[in-house]
Amino acid sequence: MDITFNFKNFLSLKKFVNLSFKSKVIHLIVLYVIFEVLILLYKSYRFIQKHFFYKKLNLIERYGENSWVLITGPSSGQGKQFALQLAKRGFNIILVGSERCYKIQKLKNQLYSNVKTVVLVKNFCDAHKNNFFDDFQKIVDKYDVSLLINNIGHRTAWVPYHEMDPVLIRNTISAGTIVQSRLIHMVIPKFMKRKNNKCGIINITAQCMHPNFGLGLGLSNEICVPFLSVYEASNAYGFYHANSIFKEYKDKFDLLTITPGAVITENTKYLHNTLFNIDAKFFVDNCLRLLGNYQGHTCAYWGHSFSSFMINFIPMCKEYILENVGK
């Protein structure tokens, strides 16, 4: 009985059909291994290209001189870095968030006095209320907004969940879902009227899934952290909403859905011991390097991408790691 692998049999269905059952099984196994290797090689190529070879674009030239960036949640962390780094590139900045935005405005004025800044004080937990977005509409109508950075999120956790304050549940959902939905809905008509320049949207969401192959094929590909149920659900909403927008408008705008892992900010210093953590300044720099070069969802930092990839090699540790992250 011939059970040796003969690649020509894959090119001829007739020859493959005439093989014995064991030969067919062996040939199919070999074919599967080849398929997995090809996927791994392609993913590795895209991984290296995305994280190490894309060069920064001239964003002010791409999106237009004297244009404005609207950033939600810019008073600290990633939002603060987006504001400072885009101001450095020459963009005028619209800061939307708490009273602390005025401190960022003052800092920006000290560093980059040549660009303008507008501050809109808003409590995003009130996004469910009537007329909450009226001020946003006035700003979008008044200024030449070329970039929208949806950064705001209301991080909450509770153990046990059934004792969580209902107000926290409402606030987390309001900030984490309604704001992104309405602002994208608001800026797209303005974007479509702009001529001669590109427009862009960056949505900061969360890792909701990982690729499955090899040992990980028996795993569910969802990434869900316990004890953060409402916050996790809001992030998942942002992820799928942003992906749907990308599929609809990818030929018209630059769209990035960022799914970060551990990013060290003023509010997340406890993540210093987390594997593949990255400082917010360098993380945002990676996001802006991808803007205009890459479309769709990405971790933005190679370490975060690699960590989700590594789940397939240690699938038995997945739930243990996620539980400890939640705690």
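Buried, on this tour, means under 20% relative accessible area. Keep that cut-off in mind as you click through this predicted model.

**Stop 1: strand 1**

Select residues 68–72, which make up strand 1. Five of the five residues of this strand are buried, so strand 1 is largely enclosed by the rest of the structure. Show the side chains and look along the strand: Trp-68, Leu-70 and Thr-72 point one way, while Val-69 and Ile-71 point the other way.

Now add residues 92–97, which are strand 2. Strands 1 and 2 run parallel and are joined by five bridges. To find one meeting point, select Thr-72 of strand 1 and look across to Val-96 in strand 2.

**Stop 2: the whole sheet**

Zoom out and colour the strands. In what order do the seven strands of the open sheet lie? Reading across, the order is 3-2-1-4-5-6-9, with parallel pairing. At the edges you will find strand 3 (117–121) and strand 9 (296–298); each has a single partner strand, so one side of each is left without a neighbour in the sheet. On average, neighbouring strands here are turned by 15 degrees against each other, direction ignored. As background, strands of a sheet pair through backbone hydrogen bonds, either parallel or antiparallel.

For another pair, select residues 145–150 (strand 4) and residues 200–204 (strand 5), which pair in the parallel sense over four bridges. Leu-147 has Gly-200 of strand 5 as its bridge partner.

**Stop 3: helices on the sheet**

Next, select residues 166–193 to bring up helix 8, which lies across strands 1, 4 and 5. Helix 8 runs at about 165 degrees to strand 4. Then pick residues 280–290: this is helix 10, which also packs on the sheet and touches strand 5, strand 6 (254–258) and strand 9. The direction of helix 10 makes about 150 degrees with that of strand 6.

Each of these two helices has a residue to click on. In helix 8, go to Ser-174. Is Ser-174 buried or exposed? With a relative accessible area of 3%, Ser-174 is buried. Leaving aside residues up to four places away in sequence, Ser-174 touches Phe-124, Cys-125, Ala-127, His-128 and Val-179.

In helix 10, go to Phe-282. Phe-282 is exposed, with a relative accessible area of 54%. Draw a distance from the C-alpha atom of Phe-282 to that of Tyr-301, and you should get 8.9 Å, for two residues 19 apart along the chain.

**Stop 4: two helix pairs**

Keep helix 8 on screen and add helix 7 (residues 134–142); the two axes come within 10 Å and cross at roughly 20 degrees. Helix 7 and helix 8 are therefore roughly parallel to each other, and the crossing is right-handed. Show side chains for Phe-136, Gln-137, Val-140 and Asp-141 in helix 7, which meet Leu-183, Met-186, Val-187 and Lys-190 in helix 8. By type, the contact residues are five nonpolar, one polar and two charged.

For the second pair, select residues 21–53 (helix 3) and residues 302–310 (helix 11), whose axes are 10 Å apart and pack at an angle of about 160 degrees. Helix 3 and helix 11 are therefore roughly antiparallel to each other. Helix 3 also passes helix 11 in a right-handed crossing. Here Leu-40, Phe-47, His-51 and Phe-52 of helix 3 meet Trp-302, Ser-305, Phe-306 and Phe-309 of helix 11. The residues of this contact divide into six nonpolar, two polar and no charged.

**Stop 5: backbone details in the loops**

Most residues other than glycine have a negative phi, and most peptide bonds are trans. With that in mind, visit three loops.

- Between strand 4 and helix 8, find Pro-160. The peptide bond from Val-159 to Pro-160 is cis, with omega near -5 degrees.
- Between strand 5 and helix 9 (229–249), find Phe-227. Its phi is positive, near 80 degrees, and at 29% relative accessibility Phe-227 counts as partly exposed.
- Between strand 9 and helix 11, find Ala-300. Phi of Ala-300 is also positive, near 75 degrees, and at 0% relative accessibility Ala-300 counts as buried.

How values were computed: Residues numbered from 1 in each chain as written. Predicted model: local features only at pLDDT ≥ 70, side-chain atom pairs only at ≥ 80, totals over all residues. Heavy atoms only, no water. Pairing = 2+ DSSP bridges. Axes fitted to C-alpha atoms, helices over the stretch in contact; angles between N-to-C directions. Contact = heavy atoms within 4.5 Å. Parallel < 35°, antiparallel > 145°, perpendicular 65-115°, else oblique. Left-handed = near helix turned anticlockwise from the far one by under 90°. Nonpolar A, V, L, I, M, F, W, Y, C, P; charged D, E, K, R; others polar. Buried < 20%, exposed > 50% of the residue type's maximum accessible area, 1.4 Å probe, protein only.
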